[in-house]
Amino acid sequence: MKNLIISNSLWNIYNFRYKFIIELSKIGPVVIYCDFKKKSQINDKKLPKNVTIKNLNFSSKTKNLFKNIKLLFQFFQILKKEDPTNLFTFTLKPNLYCGIVNNFSSFSFFPTVSGLGTAKNRGGILFFFVKILMKFSFKNSKTIFVHNKYEKFFLKKIGLNSNKIVQINGSGINLLKFNHLKYRKNICDNYLFVGRLISDKGIYELISAFKTFSKLIKKKIHLTLAVLVDEDNETSININYLEKELSGSNITIMKNVKNIRNLLKSHGCLILPTYSEGMSRSIMEAISSARPVICSNISGCKEMVINNFNGFLIKPKSINSIYLALKKFNKLTFKDKIRFGRNSRYLAKKNRFDEKYVVSHYLNQIKNDEIYK
């Protein structure tokens, strides 16, 4: 049994799919195609000998027709060459283009929809075509994995077979690694953002709200933006420009941080005012570490945060909503903040966000497919 994985970046593979790859390699050789551009942003992890990684250079954001046709042909060549038993794709273009090829092939296709992202946020003609392509690309897939209820509803709405759609808790995390961190008084006023450096994560709104909030309270507070530079996105933010804008302020930018757990130790609240998510990994890591969270009231976030229980839900794209949530959190007593953190850890365990449960869903679908072949 040969397994092929295609994704947009090596960073995505190592940070989100590592456990899955390890388990998949136990049932057969694994070949991975992905872009090596973000290689410097990952922690070194050893892979089994039967796992091979090959470079696939492409742009996720380009709308150039010729380049997209060329990419489609590139995927066709890869699939013809590798001739896999099972194909797993992650991120939009590999999902869509490999799905098109799958309609004329015999391998088992397992796409994962991990958020509808920029295409959904922009809407219009682009998203209209994405919906058409999804329906065509996924119609012969064995199983379509989705990360939240909205994605499941969306795929049903465009006419895909609901029996093929399996909802999982994102890519999952290691609950033993991200264990309960002690909540201390000296971290209460340290706020943390973790995510890609793109405007669709609500970074501009967060900065504006935090600056306003800082001026209106007497004590010193601090915001850390732990960002992953992502130039291959329509809404990318220039880090040099942002660093100049924030120079001398109480907002610090940290680029390509590899150890998020250390940051969670020194910060009392995670803030993620994102426009859309599949299932936010940064929130998952924060709640597993017993940290309160302020996040957007959208699918992919609200599954992990209950208003006034372990954090506060805000309106996406709203500076005022972020400001009010900061104000509410600031008014909480130290004991309340500890309670919020404990509630976060409780939700992480209760909702089975551990990666072992996510991986089991994938492996079970492979086994089911083998039985019916």
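**Salt bridges, helix packing and buried loop residues**

Lysine 54 has a relative accessibility of 26% and therefore counts as partly exposed, a class lying between buried (under 20% relative accessible area) and exposed (over 50%), as evaluated with a 1.4 Å probe on protein chains only. The model is predicted, so local features are restricted to pLDDT of at least 70 and side-chain atom pairs to pLDDT 80 or more, whereas totals for chains, interfaces and linings use all residues. Residues are numbered from 1 along each chain as its sequence is written, and side-chain values use heavy atoms, with hydrogens and water left out.

The structure holds nine salt bridges, each defined as a side-chain nitrogen of Lys or Arg within 4 Å of a carboxyl oxygen of Asp or Glu. Side chains of opposite charge can pair when their charged atoms come close. Glutamate 82, which is buried at 6% relative accessibility, meets lysine 54 through such a side-chain pairing, with an N to O distance of 3.0 Å. Because lysine 54 belongs to strand β3 (residues 51–55) and glutamate 82 to helix α3 (residues 65–82), this pair ties together parts that are 28 residues apart in sequence; helices (H or I, at least four residues) and strands (E, at least two) are DSSP runs numbered from the N terminus.

A second salt bridge brings together the side chains of glutamate 23 and lysine 19, with 3.5 Å from N to O. These two residues are four places apart in helix α2 (residues 18–24), and are therefore separated by about one helical turn. Glutamate 23 is buried, with a relative accessibility of 17%, while lysine 19, at 31%, is partly exposed.

In a third salt bridge, the closest N and O atoms of aspartate 230 and arginine 196 are 2.8 Å apart. Aspartate 230 is located in the loop between β9 (222–228) and α9 (239–246) and arginine 196 in strand β8 (residues 190–196), so that the pair ties together parts 34 residues apart in sequence. Of these partners, aspartate 230 is buried at 5% relative accessibility, and arginine 196 is partly exposed at 28%. Salt bridges with shared partners also link Lys2, Lys54 and Glu82 into one network.

Two packed helices are described by the angle between their axes and the distance between the axes. The axes of α3 and helix α4 (residues 92–102) come within 9 Å and cross at roughly 65 degrees, where axes are lines fitted to C-alpha atoms over the stretch in contact and angles run from 0 to 180 degrees between N-to-C directions. The crossing of these two helices is right-handed, that is, the near helix is turned clockwise from the far one by less than a right angle. On the α3 side the contact (heavy atoms within 4.5 Å) is made by Asn68, Leu71, Leu72, Phe75, Phe76 and Leu79, and on the α4 side by Lys93, Pro94, Tyr97, Cys98, Ile100 and Val101. The residues of this contact comprise 10 nonpolar, one polar and one charged, with Ala, Val, Leu, Ile, Met, Phe, Trp, Tyr, Cys and Pro taken as nonpolar, Asp, Glu, Lys and Arg as charged, and the others, Gly among them, as polar.

Helix α11 (residues 281–288) is largely enclosed by the rest of the structure, because eight of its eight residues are buried. The buried residues are Arg281, Ser282, Ile283, Met284, Glu285, Ala286, Ile287 and Ser288, and they pack against α1 (10–16), β8, α10, β11, β12 (293–296) and α13 (334–350).

Most residues other than glycine have a negative phi, and most peptide bonds are trans. Alanine 290, in the loop between α11 and β12, nevertheless has a positive phi near 65 degrees, and this residue is buried with a relative accessible area of 2%. Threonine 91 likewise has a positive phi, near 80 degrees; this threonine is found in the loop between β4 (86–90) and α4 and is buried at 16% relative accessibility.

Histidine 267 occupies the loop between α10 (260–265) and β11 (269–272) and is buried, with a relative accessibility of 7%. When neighbours within four places in sequence are left aside, histidine 267 is in contact with Ile187, Asn190, Tyr191, Leu192, Thr224 and Arg291. With threonine 224, histidine 267 makes a side-chain to side-chain polar contact of 2.8 Å, the term denoting a pair of N or O atoms within 3.5 Å of which, within protein, one must be able to donate a hydrogen and the other to accept it, residues adjacent in sequence counting only if both atoms are side-chain atoms.
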